[in-house]
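I opened the notebook to log what I looked up. Strands come first, then a helix, the cores and the charged pairs.

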Amino acid sequence: MTATDDRLDALDDRGRAAARTLLSDLARRASAAPVAPATESSGQPEPWVIQLGPPAGGRRPVRRWWLAAAVVTLLMAVAGAVAVVIADDGRSPVSSSGPLHYLLPSWLPAGLQPVRATGIPDPASAGFTADVAVYGDPDRDDPWSATLAVVHLIAPEALLGDAPSGGEEVTVAGHDARLSNQSEGLGSSGPTWEVAWQVDDGRLIVSGPHRADVLAAAEAATTEPAIAGSGLPDGYQELARGPFTDSLLFTSLFEGFGGDAADTVGDDSGLVVTYGDPADRDTVRTAVVVAQRPGPASAVDLLRIWVPDAEATSVHGRPAVIGRTRELAGSAGENGVVAVQWAEPDGQLVTVVGFGVAEDVVLQVAEGMRPATAGEVAALREAHAVPAPRELGAVPDGQVAVATGDSRTGQWRILADARRHDNIGALTIERVWGAIGSTSSTTGDRVEPPLDLGADYSDGTAVVWGVLWVDAASVTAEAPGVEPVPLAIHEVTGWDHPVVAGAFPDDHFRGASDVVVVARDADGREVARNTTLLADG
Amino acid sequence: MTVSGPIPDSGVGQGDVAQTDEGGGAQPAFDAFAREQRRALVAFAWTLTGDVGVAEDVAQDALHATWQAWERDGGLRHPEAWARQVVANRAADRVRRAGRERRALGLLGARPDPTVDLPTTDHEFWDAVRALPDRQAQAIALHYLEDRPVAEIAEILGCAPATVKVHLHRGRRALADALAPAPEEGPQ
């Protein structure tokens, strides 16, 4: 037997043991379900078919992509501040080396027409800038397979938040820093190490796939931002450089670019036009979004930060990157999202994003972009500054709409499947908003019975919904010092238990702690409490 | 949200053919299936995502998708394989998505909550599995976690058995290198 055989045998033993301990831990978690309030007795529900155990820490992990929306909201808040600054002093809204020459499509897929045209907020005008430089080995088959990145953030303290915490304490170039391991890094799809520390005007962050490389790079990192050659592995060179705040634009684009703060920013800050079918009421929508703003050619490849499944192509004879992702499948369907980005000779960075559109179609739209004629963009923005409110389509067969409501630019509804009460898929929330945003998700994990609820944050509106397993006369979301929000109780024909649903502005409990949802009987006595759903406000 | 068509007929789990009950409808049969499979699906999703909350979401979504296909088609020939295929695909999507969100959040000083710990689990081993390319990680997870033969893994991953063998071969060697590096050869 060889040494390799021995190592593989040992690996197999360890793998089987790892499987056993994992299953054992999961079984232990499932059996440690929280005890329902003392008032619960005969109301104890039958076990759900899909009864996933609660987090051991007692707090339900949120569906994380909503947090990304929160980042977008933050960015839009910054953009709002930008708009105020502009309005106050009358300065030109965004610095640029010259007027942008906007492009507009000369061809679009059938049925698509402008549904939204707006500017792009420039966070730099509010003191928030973030630049990134990415390094890799250009001689590799995929230079982006093991990149090192350095990000320099400059922002007001309130926006930056606390100094980096968590992870391992390390010293980088004399600074106290934190080193942590992340499951995915900038421009890569594998685990990554990240070290962050405070500098005079903000924060520096260096990330990469190998701990030793990251620490060496951090020692040689500057706020340019750059990593000096002494801190780079052999053969590494700069692959891309540009504004990292611009990368945040992609999260916004993938959400349908619904921020209304952008409406007040002038033309010169850029242009985003969404092309969709105004009559389409489906939660799966076909659309094309074109974003244009000032940006260097070196930033073209930064698209890969957000869409790692990407490769080089060309548009208008210029170097370009095309990538695809199946994120937000609810909006883009099974075709997913395709994005292509390139820089025009006048310093304009152009991104065309297709939702539910084939790659060759997206490229065809990109190649067909032609210079806008005089007044064309202004007319477009005037006509489509605010998208028409989105409305949901017909209720699917076999389901009933238990509750419905409006958000800023769209609608939400809770659908119940009368055939499958108390079961997975029995309740579904559907939402549409903005130009192309949509959500569809179901209940079923029953983390904290008997008030097992879900929360959905989109379009400035939080919707709380779920099944009420106890007899109660009222249900409210509440926190000390904040106006309580009553949630309606809906009976569903054929169901043994009613459905709870309600909506409120997504900042209603902002800053509050100990936000709970409480069910009370007709005498006002508490009969159930959910402490995890809205814990962070 | 929809999923693509059912897994075509092949050799996986011939015993797990599930059809709508003649008299009782699809739900009781599916409920029994879901009750039996839930924990294994969460475990599989966790090996690929490393986050219990995400794993629970992915497993739930997979069961939901399985139910939709089950109900639509009056049963599924191989629901175990179907559900695991959905878990594999959605876990990969979620990991990519979580990474992007984490970057944005981290830069603004608002990191997501730490993942919930599984106290006796060999995190080093599973972290190394997650560091493998997607298909290798999926094959390795199914191999160790469920002790599935190559033919069944191929069915789940939608590839040829020979491809699975390559994934397992390369994945095991990469894991061995990561977890127990071969000692460097000394001077002759």
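I count two strands as paired if DSSP finds at least two bridges between them. The model is predicted, and I read it as such.

**Strand β3(A)**

I looked up β3(A) against that rule. 6 bridges join β3(A) to strand β11 of chain A, residues 237-243, and the two run antiparallel. One register point I noted is Y135(A), whose bridge partner in β11(A) is E238(A). I then checked β4(A), residues 148-154. β4(A) is also antiparallel to β3(A), with 7 bridges between them. There, A133(A) has V150(A) as its bridge partner. Next I checked burial. Of the 8 residues in β3(A), 129-136, 6 are buried, so the strand is largely enclosed by the rest of the structure.

**Chain A overall**

I pulled the totals. Chain A has 29 strands and 9 helices. Of its 537 residues, 55% are buried. I took contacts between residues at least 6 apart in sequence; 63% of them join residues at least 24 apart. Chain A exposes about 21,100 Å², and carbon and sulfur atoms supply 51% of that.

**Helix α9(A)**

Which residues of α9(A), 376-384, are buried? I found V377(A), L380(A) and R381(A). Their arc around the axis is only 95 degrees, which puts them on the same side of α9(A). The face turned away from that buried side carries E382(A) and A383(A), both exposed. I also looked for the cover. It includes β1 (103-105), β2 (113-118) and β12 (271-276) of chain A.

**Nonpolar cores**

I went to the largest nonpolar core, which has 58 residues. L22(A), F44(B), F125(B), W126(B) and L175(B) touch the most other members. From chain A, helix α1 (3-31) gives two or more residues to this core. From chain B, the elements that do so are α1 (26-49), α2 (52-73), α3 (79-107), α4 (123-130), α5 (134-146), α6 (150-157) and α7 (161-179).

I listed the contacts of W126(B), leaving aside neighbours within four places in sequence. In chain A, W126(B) touches A18(A), A19(A) and L22(A). In chain B, W126(B) touches W46(B), T47(B), T121(B), A141(B), Y144(B) and L145(B). Apart from the largest core lies another, of 32 residues, among them A240(A), V289(A), A291(A) and V337(A).

**Salt bridges**

I counted 24 salt bridges over all chains. I looked at three pairs.

D12(A) and R172(B) meet through their side chains at 2.8 Å, N to O. D12(A) lies in α1 of chain A and R172(B) in α7 of chain B, so this pair joins two chains. Are D12(A) and R172(B) buried or exposed? I found both buried.

E80(B) and R148(B) form another salt bridge, with their closest N and O atoms 2.8 Å apart. E80(B) sits in α3 of chain B, while R148(B) is in the loop between α5 and α6 of chain B. The pair links distant parts of the chain, 68 residues apart. E80(B) and R148(B) are both buried. I followed the pair outward and found a salt-bridge network linking E80(B), R84(B), E146(B), R148(B) and E152(B).

R304(A) forms a salt bridge with D301(A), the closest N and O atoms being 2.9 Å apart. I checked R304(A) for burial. Its relative accessibility is 10%. The cut-off for buried is under 20%, so R304(A) counts as buried.

Note on methods
Residues numbered from 1 in each chain as written. Chains lettered and ligands numbered in written order. Predicted model: local features only at pLDDT ≥ 70, side-chain atom pairs only at ≥ 80, totals over all residues. Heavy atoms only, no water. Buried < 20%, exposed > 50% of the residue type's maximum accessible area, 1.4 Å probe, protein only. Helix = DSSP H or I, 4+ residues; strand = E, 2+ residues; numbered from the N terminus. Arc of directions from axis to C-beta. Contact = heavy atoms within 4.5 Å. Core = buried A, V, L, I, M, F, W, Y, C linked by side-chain atoms within 4.5 Å. Areas by Shrake-Rupley, 256 points an atom, 1.4 Å probe, with all protein chains shown as cover. Salt bridge = Lys/Arg side-chain N within 4 Å of Asp/Glu carboxyl O.
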